[in-house]
Amino acid sequence: MSATSLQPRLATPADAVAIHALERHFPGDRMQLRAIRRLLRVPSARIWVLGRGNELVAALVLLLRRNSRHARIYSLVVAPEARGRGLAQRLLDTAETFARTTRLSSLTLEVRADNQPARNLYRQRGYSIESELPDYYDDGAPALRLRLRFEEAAPPDNRSGT
Ligand SMILES: CC(C)(COP(=O)(O)OP(=O)(O)OC[C@H]1O[C@@H](n2cnc3c(N)ncnc32)[C@H](O)[C@@H]1OP(=O)(O)O)[C@@H](O)C(=O)NCCC(=O)NCCS
């Protein structure tokens, strides 16, 4: 499968097993199939995937909270054979565009402190370290909480111009 021409699409319930298979490439704390099926049903989650048909090579899970202008990137994974071709960037472009157009003010996520590829990716895109979370993962590894803030829209100018 040529990865360079793939475009993100919203996942459907039919993608649950393929998303779960991608999760095995995640370093620790993976989502269970049952959790993925639930996220595919609820309005508080958006999952975008890259692939052909139900053969997926990448997925991003975004969690929304009612009455909140902040959302959380819960999972981002690219299959090893498709890495290094900008697919993570493409999924993040999609999630960040969604966040901007729905007027969210920031995106947060947690990343393993020792996950240098992911840290490079987020730093390059302007995510900054908000806090350190010791003993965050099942194996006791620490995480960093990162945040990407969006510019506040300028308030409407009500002056009459005089
Ligand atoms: C991290 C991950 C999502 C990157 O996916 P990818 O599609 O290979 O990333 P891209 O090709 O879009 O690369 C974008 C940037 O990420 C960084 N990056 C990606 N792979 C890297 C590596 N092996 N070493 C260092 N930096 C790396 C670079 O900054 C890169 O930009 P550049 O190409 O201009 O150097 C992928 O390695 C992955 O799925 N890892 C396992 C799951 C995971 O760690 N998810 C993130 C958890 S928060």
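## Overall architecture

In what order do the elements of the protein run from the N terminus on? In this predicted model, the order is β-α-α-β-β-β-α-β-α-β-β, and the secondary structure comes to four helices and seven strands. The C-alpha trace of the protein spans about 60 × 40 × 30 Å along its principal axes.

Of the 162 residues of the protein, 27% count as buried. Among the contacts with a separation of 6 or more, 58% are accounted for by residues 24 or more positions apart.

## The sheet and its edges

The strands form an open sheet of seven, in the order 1-2-3-4-5-7-6 and with mixed pairing. Strand 1 (9-10) and strand 6 (128-133) are the edge strands, each of which pairs on one side only. Helix 1 (residues 16-23) packs on the sheet, where it touches strand 2, strand 3 and strand 4, and its direction makes about 90 degrees with that of strand 3.

As background to the pairings described below, strands of a sheet pair through backbone hydrogen bonds, either parallel or antiparallel.

## Strands 2, 3 and 4

Strand 2 (residues 45-52) pairs with strand 3 in the antiparallel sense, over eight bridges. Within this pairing Ala45 stands opposite Leu63 of strand 3, and Val49 stands opposite Ala59 of strand 3. The two strands form a hairpin with two residues between them, and in its turn Gly53 has a positive phi of about 60 degrees.

Strand 3 (residues 55-64) also pairs with strand 4 (residues 70-78), again in the antiparallel sense, through seven bridges. Leu63, which stands opposite Ala45 in the pairing with strand 2, has Arg72 as its bridge partner in strand 4, while the bridge partner of Leu64 in strand 4 is Ala71. The hairpin of strand 3 and strand 4 has five residues between the strands, and Asn67 takes a positive phi near 60 degrees in it. Is strand 3 largely enclosed or largely open to the outside, and why? Seven of its ten residues are buried, so strand 3 is largely enclosed by the rest of the structure.

## From strand 4 to strand 5

Strand 4 and strand 5 (residues 106-112) run parallel and are joined by four bridges. Ala71, the bridge partner of Leu64, has Leu107 as its bridge partner in strand 5. Between these two strands the chain passes through helix 3 (residues 87-101), and the resulting β-α-β crossover is right-handed.

The loop between helix 3 and strand 5 holds Arg103. This residue has a positive phi of about 60 degrees although it is not a glycine, whereas most residues other than glycine have a negative phi. Arg103 counts as exposed because it has 10 C-beta neighbours inside 10 Å, and the limit for that class is 12 or fewer.

## Surroundings of the ligand

Which residues are the closest of those that surround the ligand? Of the 22 residues around it, the closest are Arg83, Ala88, Pro117, Asn120 and Leu121. Two or more residues of this shell come from each of strand 4, helix 3, strand 5 and helix 4 (116-124). Helix 4 gives the most, with six residues.

By residue type, the shell around the ligand divides into twelve nonpolar, eight polar and two charged residues. Strand 4, helix 3 and strand 5, which are among the elements contributing to the shell, are also the elements of the right-handed crossover.

## Strand 6 and the loop to strand 7

Ile129 lies in strand 6, which is one of the edge strands. Ile129 counts as partly exposed because it has 14 C-beta neighbours inside 10 Å, a number that falls between the limit of 12 or fewer for exposed residues and that of 20 or more for buried ones. Leaving aside residues up to four places away in sequence, Ile129 touches Leu144 and Leu146. Ile129 and Leu144 are 15 residues apart in sequence, and their C-alpha atoms are 6.6 Å apart in space.

Asp135 has its place in the loop between strand 6 and strand 7 (143-149). Although it is not a glycine, Asp135 has a positive phi of about 55 degrees. Asp135 is exposed because 10 other C-beta atoms lie within 10 Å.

Methods: Residues are numbered from 1 along each chain as its sequence is written. This is a predicted model: local features need pLDDT of at least 70, side-chain atom pairs count only at pLDDT 80 or more; totals for chains, interfaces and linings use all residues. Two strands pair if DSSP finds at least two bridges between them. A crossover is right-handed if, with the strands pointing away from the viewer, the path from the first strand over the helix to the second runs clockwise. A residue is near a molecule or strand if its C-beta atom, placed from the backbone, lies within 6 Å of it. Ala, Val, Leu, Ile, Met, Phe, Trp, Tyr, Cys and Pro count as nonpolar, Asp, Glu, Lys and Arg as charged, and the others, Gly among them, as polar. Two residues are in contact if their C-beta atoms, placed from the backbone, lie within 7 Å. Axes are lines fitted to C-alpha atoms, for helices over the stretch in contact, and angles run from 0 to 180 degrees between N-to-C directions.
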